[in-house]
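Got your viewer open? Load the model and get your selection tool ready, and we'll take a short walk through it.

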Amino acid sequence: MIEYRLLTEAEQKRAVIEACDEAFSNPVSRRPQYETLLGKIHAYGDFVAAYDREPMGYVAMYANDLQSRTAYVTLLAVRPGCQGMGIGEGLMRAGLNLAKSRGMKAAKLEVKKDNHRAIRLYQRLGFVLLSDAAQDSVYMMNHFDEN
């Protein structure tokens with residue numbers, strides 16, 4: 001049984017990120033800015049983890065922009081052995097519901113152009129392509145009131 005938990009302790013978040021690092025070609029915990037990123041997520045973000053005895057994935061997001069009321073999904077990871085089980089969708093739904101409960105009206109994210117699987121997931125959840133973010137990535141947006 002997969003359980004989705006909102007984590008509040010920095011060390012819990014660190015343990016989940018490191019357990020799921022194989023989901024990325026450039027592991028999050030080995031990036032030069034890892035400690036800064038972890039500090040920002042802990043101080044200002046929300047972190048939902050999926051468990052079935054052990055961490056299976058997570059979503060990290062910021063749902064605190066009270067002017068634009070737009071949440072920003074910064075990381076989504078599902079361990080390779082756990083992919084294809086609906087965990088990414090479950091994590092995103094949990095994160096989006098949390099954002100809505102915090103008064104957010106939309107969510108934005110950046111995704112690599114060649115990550116077709118993630119783009120399809122985001123589109124199923126109501127995200128639409130917004131604009132290029134960089135040469136190899138795009139921004140996607142979900143306006144909650146339109147879904």
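Here is a tour of one helix, some aromatic rings and a few charged side chains. Keep in mind that this is a predicted model.

**Stop one: helix 1.** Select residues 10-19, which make up helix 1. Which residues of helix 1 are buried? They are Lys 13, Arg 14, Val 16 and Ile 17. Colour those four and look along the axis: they cover an arc of only 165°, so they sit on the same side of helix 1. Now show what they pack against: helix 2 (34-44), strand 2 and strand 3.

**Stop two: strands 2 and 3.** Stay with these strands, and select Phe 47 and Tyr 58. By the ring-centre rule, the count for the model is two aromatic pairs. One of them is Phe 47 with Tyr 58, a stacked pair with 5.0 Å centre to centre and 15° between the planes. Their planes count as stacked because the angle is under 30 degrees. Phe 47 belongs to strand 2 (residues 46-52) and Tyr 58 to strand 3 (residues 54-62), eleven residues apart, and the pair links distant parts of the chain. Are these two rings buried or exposed? Phe 47 is buried, at 0% relative accessible area, and Tyr 58 is buried too, with 0% relative accessibility.

**Stop three: charges over rings.** Pick Tyr 51 and then Arg 5: Arg 5 lies over the face of the Tyr 51 ring, 3.9 Å from the ring centre. Finish at Tyr 139, where the charged end of Lys 108 sits over the ring, 4.3 Å from its centre.

How values were computed
Residues numbered from 1 in each chain as written. Predicted model: local features only at pLDDT ≥ 70, side-chain atom pairs only at ≥ 80, totals over all residues. Heavy atoms only, no water. Phe/Tyr/Trp six-rings, centres within 6.5 Å; stacked < 30°, edge-to-face > 60°. Helix = DSSP H or I, 4+ residues; strand = E, 2+ residues; numbered from the N terminus. Buried < 20%, exposed > 50% of the residue type's maximum accessible area, 1.4 Å probe, protein only. Lys NZ or Arg CZ within 6 Å of the ring centre and 35° of its normal. Arc of directions from axis to C-beta. Contact = heavy atoms within 4.5 Å.
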